[in-house]
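Biologist: Could you take me on a close look at a single part of this protein, one strand and its neighbours? I am a first-year student, so please go slowly and point out where I should look.

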Amino acid sequence: MRKYFIIDFDSTFTKVEAFDVLADISLSDHPEQEKIKQQIIDITNLGMNGEISFRESLEKRLTLLAPHRNNLPALITLLKSKVSESFKRNKEFFSTYQDSIYIISNGFREFIEPVVIEFGIKPQNILANEFRFDSAGKVIGFDTENPLSANNGKVEQLKRLKLDGDVYVIGDGYTDYEIKHSGLANKFFAFTENVERENIMDKADHITPSLDEFLYLNKLNTAISYPKNRINVLLLENVHPVAIELMRNEGFNVESYPAGLEEDELCEKIKNVSVLGIRSKTQVTAKVLDHANRLMVIGAFCIGTNQIDKKAATKKGIAIFNAPFSNTRSVVELAIAEIIMLMRNIPDKSTKMHKGKWDKSAKGSFEIRGKNLGILGYGNIGAQLSVLAENLGMKVFYYDKEEKLALGNAIKCKSLKELLSIADVITIHIDGRESNTNIIGDEEFKLMKKGVIFLNLSRGHVVDIRALRENIVNGKIAGCGMDVYPYEPLSNDEEFKSDLRGLPNTILTPHIGGSTAEAQENIGNFVPGKMMDYINTGSTSNSVNFPNLTLPTLENAHRLIHIHNNVPGILAKINQVLADHGINIAGQYLKTTDAIGYVITDINKEYDKEVIKKMRAIENTIKFRVLY
Ligand code: NAI
């Protein structure tokens with residue numbers, strides 16, 4: 001039986017109601033714009049409640065809007081930019097089924113047609129009202145012969161089409177449901193991507209949060225493997241709203257919580273979750289991961305990933321992403337500020353002022369210009385600091401375990417010893433690996449110049465606090481800035497206990513180096529981007545635990561994604577399966593870590609289901625999925 005698809009325009013094909021947008025344009029210079037817009041809303045409601053006829057409502061609204069032909073280009077441009085995300089994703093559906101798709105709307109052809117024909121919809125399959133213009137281009141009315149300009153218009157219009165086959169209606173409003181109610185359609189799908197109307201959802205045969213779901217239900221999908229709205233995303237610990245928005249716009253079913261979840265709660269919740277977003281508090285333990293049978297990816301909306309059992313996640317084929325440099329700049333700015341403050345003795349001077357003591361003197365105060373800055377750890381933060389400090393006139397020296405490109409005029413030191421002995425200011429930016437514990441202790445302080453300024457904004461355990469205290473007290477260290485500590489309070493209610501409290505010219509901050517609004521927003525943008533890239537393309541660039549592969553976008557091919565335990569011979573087995581089925585490989589990418597292998601194969605031929613079964617059956621397979 002042939003299938004026909006009847007699609008609504010306002011709030012379905014596009015995210016917006018065209019009349020709302022038209023009002024913004026045609027009334028833009030009107031002094032009583034807001035008042036008129038409210039009148040238009042009131043009239044729309046009267047029409048919807050049946051207190052006035054549809055035609056009357058249309059006439060009244062057009063009189064208030066007073067549109068002109070000149071308003072149309074701007075309206076069309078705006079509507080084109082507001083096409084629903086899932087429609088944009090599934091453009092192929094419209095051209096493939098163009099003979100069976102009708103757009104039926106109580107809106108106007110003049111702005112609907114330019115928007116929908118770009119998707120391959122045939123002009124003769126667009127059924128909508130038509131404006132009447134006067135010779136000056138002013139809208140003076142509409143074609144009153146058109147059934148869509150009267151009550152029950154969509155039903156009347158559909159009757160005239162006399163479609164011979166199954167009719168499926170997708171829309172967000174009551175007039176769309178009426179088509180099914182009148183017996184002219186087999187099914188009504190309530191489209192909720194843009195608006196959710198309870199009374200419509202109640203009446204629908206299916207609720208479709210996106211076109212993906214509609215295509216999946218009706219086995220029509222070509223563009224995507226699985227409807228995104230069926231992919232559950234759980235975001236914990238109050239991640240930035242921009243992250244929630246990004247994931248929702250992508251079509252995922254997103255649930256977010258302000259706090260973290262305890263292990264048992266998370267074990268329960270994680271069962272249906274495919275994407276998990278956390279910050280530093282949620283512990284993703286092996287036990288949690290045991291329950292996470294649908295989980296594909298974890299996003300840590302922070303830098304550290306110690307809260308995740310990475311080994312267990314890797315074993316289950318779950319990719320982990322974090323935000324390694326979203327707050328780099330924030331840390332660097334604080335470091336620069338502290339260097340200047342400490343060189344000028346500001347912490348002590350400020351404290352004295354608060355106690356009423358005026359101590360005006362230049363003694364022990366220096367410019368940072370021309371001083372030697374020693375950076376230990378020339379990674380993201382160290383390197384960025386190098387650039388800014390040099391711009392402020394400092395001479396930059398650094399030491400890193402790894403070979404690093406010296407930026408600007410920075411000079412690489414051959415050893416930590418060399419760095420410590422040359423620097424007027426020493427700042428630590430190494431990572432928190434275990435072997436870095438107490439890397440700065442008695443011996444290292446001995447090597448430093450007298451009167452050195454010392455900063456640690458990396459991890460607390462890398463500095464021996466007892467030795468640090470002694471060297472501040474004995475005057476070797478003239479100023480100290482600490483943001484991180486071997487033990488840090490678990491909440492703001494817990495007292496901060498430390499031997500560093502009360503020491504002279506010492507700035508103590510509560511691990512806020514990276515805590516700025518900008519950094520939070522950067523993280524909120526960065527991590528979803530990485531997770532969506534992984535889901536949509538298989539790309540693992542910047543993954544914490546997966547072999548890093550940056551992949552080309554998929555064009556005219558299917559992509560097979562195979563994750564397996566890293567044992568010899570798997571690639572050969574994959575290719576054997578493909579060869580057995582006469583499948584041509586368009587591109588193949590392989591990378592491994594000690595634990596797992598990651599093989600991406602792009603194939604340019606229709607595959608049969610047997611291939612999937614065989615791929616999954618290859619021994620040591622952890623996860624397998626197909627992208628279309
Ligand atoms: P990164 O990983 O880019 O750089 C670390 C660098 O240290 C690497 O180049 C590494 O080779 C080097 N390194 C490690 N151990 C070393 C050693 N023993 N000797 C010499 N070089 C060594 O990390 P990124 O992003 O620059 O962060 C640096 C530190 O800052 C990390 O510990 C991070 O946790 C911390 N951090 C602190 C924040 C805060 O709020 N205070 C915010 C963000 C990061």
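Modeller: Let's begin with strands β19 and β20, which pair in the parallel sense over 3 bridges. To find them, look for residues 477-482, which form β19, and for residues 506-508, which form β20. A handy landmark in this pairing is Cys 480, which stands opposite Thr 506 in β20. Please keep in mind as we go that this is a predicted model.

Now turn to another partner of β19. Strand β18, made of residues 452-456, is joined to β19 by 5 bridges, and these two strands also run parallel. Here you can start from Val 452, whose bridge partner in β19 is Ile 477. So far, then, we have β19 paired with β18 and with β20.

How does the chain get from β18 to β19? Helix α22, residues 465-473, belongs to this stretch, and β18, α22 and β19 together make a right-handed β-α-β unit. Try tracing it on your screen in that order: strand β18, helix α22, strand β19.

Is β19 mostly covered or open to the outside? It is mostly covered, with 5 of its 6 residues buried. "Buried" here stands for under 20% relative accessible area. While you look at the strands, one general idea may help: in a regular strand the side chains alternate between the two faces of the sheet.

Let's step back to see where this part sits. The domain assignment gives domain 1 as 3-217, domain 2 as 231-321, domain 3 as 328-513 and domain 4 as 548-627. The residues of β19, 477-482, fall within the bounds 328-513 of domain 3. The centres of domain 1 and domain 3, taken over C-alpha atoms, are separated by 63 Å.

For practice, you can go over to domain 1 and look at another parallel pairing. Strand β1, residues 3-7, is joined by 5 bridges to strand β6, residues 166-171, and the two run parallel. Begin at Lys 3, whose bridge partner in β6 is Asp 166. Both strands belong to an open sheet of 6 strands with parallel pairing, in the order β3-β2-β1-β6-β7-β8. At its edges are β3 (126-129) and β8 (206-208), each of which pairs on one side only. From one strand to the next, the twist averages 20 degrees.

How values were computed
Residues are numbered from 1 along each chain as its sequence is written. This is a predicted model: local features need pLDDT of at least 70, side-chain atom pairs count only at pLDDT 80 or more; totals for chains, interfaces and linings use all residues. Side-chain values use heavy atoms; hydrogens and water are left out. Two strands pair if DSSP finds at least two bridges between them. Helices (H or I, at least four residues) and strands (E, at least two) are DSSP runs, numbered from the N terminus. Axes are lines fitted to C-alpha atoms, for helices over the stretch in contact, and angles run from 0 to 180 degrees between N-to-C directions. Domain bounds come from an automatic or database domain assignment. Buried means under 20% relative accessible area, exposed over 50%, partly exposed in between (1.4 Å probe, protein chains only). A crossover is right-handed if, with the strands pointing away from the viewer, the path from the first strand over the helix to the second runs clockwise.
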